[in-house]
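Trainee: Could you take me through this model step by step? I would like to ask short questions and hear the reasoning.

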There are 4 protein chains.
Amino acid sequence: MAVGRLHKFEGILDAAVKVFAEHGYHGSQISKIAKEAGVADGTIYLYFKNKEDILVSLFRERLGRLIGKFEASARDSKSAEDALRTICALHYAELERHPLLAHVTQIELRQSALALRKEIGKTLKPYLRLIENVLLDGIASGAFRPELNVVLSRQLIFGAMDEAVSSWLLSERKYSLAAQVEGTVDFFLRALKS
Amino acid sequence: MAVGRLHKFEGILDAAVKVFAEHGYHGSQISKIAKEAGVADGTIYLYFKNKEDILVSLFRERLGRLIGKFEASARDSKSAEDALRTICALHYAELERHPLLAHVTQIELRQSALALRKEIGKTLKPYLRLIENVLLDGIASGAFRPELNVVLSRQLIFGAMDEAVSSWLLSERKYSLAAQVEGTVDFFLRALKS
Amino acid sequence: MAVGRLHKFEGILDAAVKVFAEHGYHGSQISKIAKEAGVADGTIYLYFKNKEDILVSLFRERLGRLIGKFEASARDSKSAEDALRTICALHYAELERHPLLAHVTQIELRQSALALRKEIGKTLKPYLRLIENVLLDGIASGAFRPELNVVLSRQLIFGAMDEAVSSWLLSERKYSLAAQVEGTVDFFLRALKS
Amino acid sequence: MAVGRLHKFEGILDAAVKVFAEHGYHGSQISKIAKEAGVADGTIYLYFKNKEDILVSLFRERLGRLIGKFEASARDSKSAEDALRTICALHYAELERHPLLAHVTQIELRQSALALRKEIGKTLKPYLRLIENVLLDGIASGAFRPELNVVLSRQLIFGAMDEAVSSWLLSERKYSLAAQVEGTVDFFLRALKS
DNA sequence: TATGAATGAGTCTTCATTCAT
DNA sequence: GATGAATGAAGACTCATTCAT
């Protein structure tokens, strides 16, 4: 029954994304999520330890998958420049394609206790490491400045993209996020290039 | 008794910064803040509409004051480059000097309902406008590239600094934030310069 | 405000005795007790740590008081025989006078987790010690058999009286419990006398 | 398939004794008992009406069997005195041999709603009647005092033995219960003899 | 103004019980 | 008969807010 089980697990996660996006984490009662998922309240607890576990799972499953995609596409790039462009393009495109998920990851997931933040940190770390590796590759190939502070730079790059997504969301998605890729990557490359 | 009133108002805000920083917004009971401030629970409601209003006031008062400082120092700068450097230096220095406030603004203030986010947005807007104006000055003076997307750039700059502060906080302030000013500003200027 | 506080504390305890007696511990919701006491649900928690604490307090306060009376009256007796008679008479009389309390102590208080049983044991211990001391006095004065096993005897005496009360309660108090004092004490004295 | 059926029924009862003894009635989930018995949760309901029915059945089956033994051994006694001694010896010995059952009957079975108590009463009644008959025999044979209140006496005797067992259990079985038979019976006989 | 005792709405979670397979 | 996933009712407890003093 593993298939049915997984199906219900994903169904609850889908419902949670929707409800969290609309009402925020603290405004989302388990009963609301259960109703949206078409299951009984108690059923939630057959798949998740508690309410917070839904949020953590959401992050791990959905954002983890996204970050996996970033890594895959970066691996296929032929240069550091190209990798950075690909990552940013994917980052913006994927969140633009999944605005509910974007809302949850940018807004709701920040609303959480320390315990959760640690989990989130764990999920994000591969992404930060990915950016760092791209920077190191660029330095090695001579594309990027050798004196670059890679730790600081990866923070600045991640923070910049993160804020671009948040601003787009808070503008109520009135413009295209994907259209910002060029400007963003141009900004980064000028900052990085030798 | 306006002076006494203001004094108590600030006292409660100080207590709130401390309690929020230690326990987070949702873990901070009004009674805890009242005890820390040395007043009765009910007294809080003579100065604030409700719990959320404390957070909003905190942001408006404390962060607003900070942003005022940024504006004043930018006004005294002799070039756009210099203004950007001054803003970043002050941004990092002030939050490093007030780690509790930093914690509350970077972590706790993000934990809030949409209504609050709008308020926060209002407080932050002058800061974003300030950055935008610096960019426009730089373009006008020929220091920055004329084709620069100022709206996007100000998002990237703010997001980058914001993440730098958050990373420093989550590292448990193991390194100096002020020491990151040079690297950060260098990153920005390379991205911006013509 | 200590007087008002004590008054409300006792009021809640009174309500709890009534509700526990009618519905049993597990059938008594906090809301039922609160309504009976004429206070809000939350008020209960200003006076008691949790639901079990009400039961523990009930035992400590009410039964403790009763046992105090037993001790006082035993102290005034002129012989061990007399003390035993006085204790039994008081034991039966008090519980007959307070049938709700009797119900709670004989029936409901037995329905509890180990943690509570320990508390109950603590409250009852002075009573068992009292009986033991009466037995020792009786042996010392030559009234009771010197070879008596006092520990066992005090168990048998307490258990016998306890069961007499329970049986009377389960009979729905169809007969007088006080009328059983003579028979009970006669039974004990024959068993104990030299 | 009556044999297989009975076997599973007894298996569940065995599991219930174990689980109740360890976790108490309210701490024992059906699922825990099912796992201990090696059956599915739902299977329990093919053999028992509901959770309380397990407790009632436990009492009826296991304690009923015990009481049957008491009756058989009393029937074989040649005098009332002897019967009383035999009953007490068996009572103590059997519960000492089956400490889990002892725990459940002395502690857990008391934790129950009125409905259950009535059922328990029904199971115990034959035992009380047995004691009563022994008393009547003793009076008839002149061994016991003719003016004895048999109803009260049987309560006192049962309560005394019951408490002796409970005390032994709560002492964590640090001493031999069987060793208390002599002292107990001696106590009773002195109280009863003419 | 200040107090803090009292309020009571709100919700996560448990677990006995059912029923489709 | 046997299973065990699903159900959903039920309730203890918290805490922001009020208001009589």
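What follows is a set of questions and answers on the chains and their interfaces.

Mentor: Some ground rules come before the questions. This is a predicted model, where local features need pLDDT of at least 70 and side-chain atom pairs count only at pLDDT 80 or more, while totals for chains, interfaces and linings use all residues. Residues are numbered from 1 along each chain as its sequence is written, chains are lettered from A and ligands numbered from 1 in the order in which they are written, and side-chain values use heavy atoms, with hydrogens and water left out.

Trainee: How many helices and how many strands does chain A have?

Mentor: Helices (H or I, at least four residues) and strands (E, at least two) are DSSP runs, numbered from the N terminus. Read from that end, the elements of chain A run α-α-α-α-α-α-α-α-α. The count is nine helices and zero strands.

Trainee: What share of the residues in chain A is buried?

Mentor: Buried means under 20% relative accessible area, exposed over 50%, and partly exposed in between (1.4 Å probe, protein chains only). Chain A has 194 residues. The buried share is 53%.

Trainee: Which residues of chain A carry the UniProt annotation "DNA-binding region"?

Mentor: UniProt positions are in the numbering used here, feature names are shortened, and annotations may be inferred rather than shown by experiment. The unreviewed entry also places "domain: HTH tetR-type" at residues 6-66 of chain A. That domain span is 80% helix and 0% strand. The "DNA-binding region" covers residues 29-48.

Trainee: How far apart are the end C-alpha atoms of residues 29-48 of chain A?

Mentor: Look at the make-up of this span first: 75% helix and 0% strand. Its end C-alpha atoms lie apart by 14 Å.

Trainee: What area is buried between chain A and chain B?

Mentor: Buried area is the accessible area (1.4 Å probe) that two parts lose on being put together, summed over both. Contact means heavy atoms within 4.5 Å, and here it takes 34 residues from chain A and 34 residues from chain B. Carbon and sulfur atoms give 65% of the buried area. The total is about 2700 Å².

Trainee: Which three residues supply the most of what chain A buries against chain B?

Mentor: Together they supply 24% of the area on that side. No other three residues supply more. They are Leu156(A), Phe187(A) and Arg190(A).

Trainee: Which residue forms a salt bridge with Glu147(A)?

Mentor: A salt bridge is a side-chain nitrogen of Lys or Arg within 4 Å of a carboxyl oxygen of Asp or Glu. The rule finds four across the interface of chain A and chain B. In this one, the closest N and O atoms are 3.8 Å apart. The partner is Arg190(B).

Trainee: Which helix of chain A gives the most to the side that touches chain B?

Mentor: Two elements give two or more residues to that side: helix 8 (150-170) and helix 9 (181-192). One of them gives 12 residues. It is helix 8.

Trainee: Which residue pairs with Asp186(C) in a salt bridge?

Mentor: Turn to chain C and chain D, whose interface holds four salt bridges. In this one, the closest N and O atoms are 3.1 Å apart. The partner is Arg145(D).

Trainee: Why is Ala93(D) called partly exposed?

Mentor: Ala93(D) sits in helix 5 (residues 80-97) of chain D. The label applies because its relative accessible area is 30%.
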